[in-house]
Every structure is written in structure tokens, then in C-alpha cells.
Amino acid sequence: MAALGSADSMACLDAMILDHLELHAFSQHVIRALRAEMVQKQETRAVRVASEQSRLANLKSSQFPAKSSANFLPPARTCTAEADPMSDLQRIHKYASTGGFQLEGSTLGGRSAKIDVHGWTTVAQAQALFEVHLGIEANLQKLTHASSILDNLAMPICQTGLSPLSPSVSITQITQAEYEAQQGQALVDEMMRRVAMSTIPLVTGNAANLEED
């Protein structure tokens, strides 16, 4: 139960830090995301603790029936709801102080690497850092987070859903042919966009001439 009390204390400290950040006009988008992730982790912790308590109660009743006068001392166990109860608090504090956190990337082959990033680090910059650690060319990487493909290379990672409490991506290596096909499609899309933009003034002008006639 001491471990449970410690976990509750850490949850209170985390909430106090978020309140402090909110008072000092820290990014509301980030704070909402962090709060949601903390609530989810607290709910998961509560389910695990309840399951552990139920397991101990069943163990006690099976080994020592109610008519027995023996004193039952359950085996000592440590609540394992959080492997590192300080980790969330430390990551939030570091992010609030410096804007930085560690991003972990894992490949389907089981390789992984951690890189130091900031909220304003772009997807392309993150790919370049993973290239240094994993040897996968940046332009052949496909990053995925929470089932979403991070294909906007200019987007800051803080806008992709990544945060100190959700700091991991899956890395898939595409082939050179797939990359060239993607580049070709992007070029076609850009040309179509420019053609559509260039025809807007023409359409508007013709409509005005028709009204005059």
C-alpha cells in the first residue's frame, strides 16, 4: 500500500506542475494533451491496483478459510503499475524548462534509438537524427505515431501528437522506388494545385464579363 500511496503522491505532484505551467501561460495545447495522457495512465494504474488487490484477496481465502484462526500475511509485493514513478514528472519538468524531451524510434526489425528533440523540431530534422543513429536514409524513413503517418516533413513534432508522455514512433524503411513514386505524386499534386490557382482569376473575370453583358 505504501507503493500505492507513493504513486498517488506522484500523481498529485504531476497535477500541481501542470497547474503551475498553466498559470504561467505555457502552451494550452500541450497542457491539454499532457492532462489527457496523465488521466489515462491514472485510470490504468487504478485498474492494475484493483486487480492486484483482488488477486491477494482470492489467495487469502483459498489458503486460509474463514474458520481458520491463522494470521494470514500475504507475500510482499511491490505495486508495478509504474516502472519508474518519477519518469513522468521529470519529463514534464524538462519539457517545461527547456522544451526538450527524448524521442524513441523503433523499427520492425527490433532496432531502436533515442534522440534528443524539442517541441519545435520538425519531422524532417527528426528523420535526419534517426539516420545518424540507425543508418536509415532520412528520405527512406516513414515515421508513424498512434497509427498516423508523419508525412508533413515541415511540421513541428509537437503538432503531430508526440509529447514527453507519448515519445515514440515506429520507423518503416521504404524502397528507393517507393520514394521516387511518392516524389512524383507530390510533383503532380503541386502542379495541379498551381493550375487550379491560376484558373481562379480567369473564371472570376469571365463571370464579371457575363454580368456586364
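Two residues are taken to be in contact when heavy atoms of theirs lie within 4.5 Å. With that in hand, the surroundings of Thr160 can be described in this predicted model. Setting aside neighbours within four places in sequence, the residues in contact with Thr160 are Val123, His145, Leu150 and Met155. For one of these partners, His145, the separation along the chain is 15 residues, and the C-alpha atoms of His145 and Thr160 are 8.0 Å apart.

As for its place in the fold, Thr160 belongs to the loop that links β4 (148-149) with β5 (168-173). Is this loop residue buried or exposed? Thr160 counts as buried because its relative accessibility is 16%, and the cut-off for buried is under 20%. The Thr160 side chain also has a polar partner to look at: it reaches the backbone oxygen of Ile157 at a distance of 2.6 Å.

It helps to set this site within the whole protein. The chain forms five helices and five strands, and, read from the N terminus, these elements follow the order α-α-α-β-β-α-β-β-β-α. Of the 213 residues, 26% are buried, and Thr160 is one of the residues that count as buried. Among contacts with a separation of 6 or more, 60% are between residues 24 or more positions apart. Turning to the surface, the protein exposes about 13900 Å², with 58% of that area supplied by carbon and sulfur atoms.

Methods:
Residues numbered from 1 in each chain as written. Predicted model: local features only at pLDDT ≥ 70, side-chain atom pairs only at ≥ 80, totals over all residues. Heavy atoms only, no water. Helix = DSSP H or I, 4+ residues; strand = E, 2+ residues; numbered from the N terminus. Buried < 20%, exposed > 50% of the residue type's maximum accessible area, 1.4 Å probe, protein only. Polar contact = N/O pair within 3.5 Å; in protein donor to acceptor, adjacent residues only side chain to side chain. Areas by Shrake-Rupley, 256 points an atom, 1.4 Å probe, with all protein chains shown as cover.
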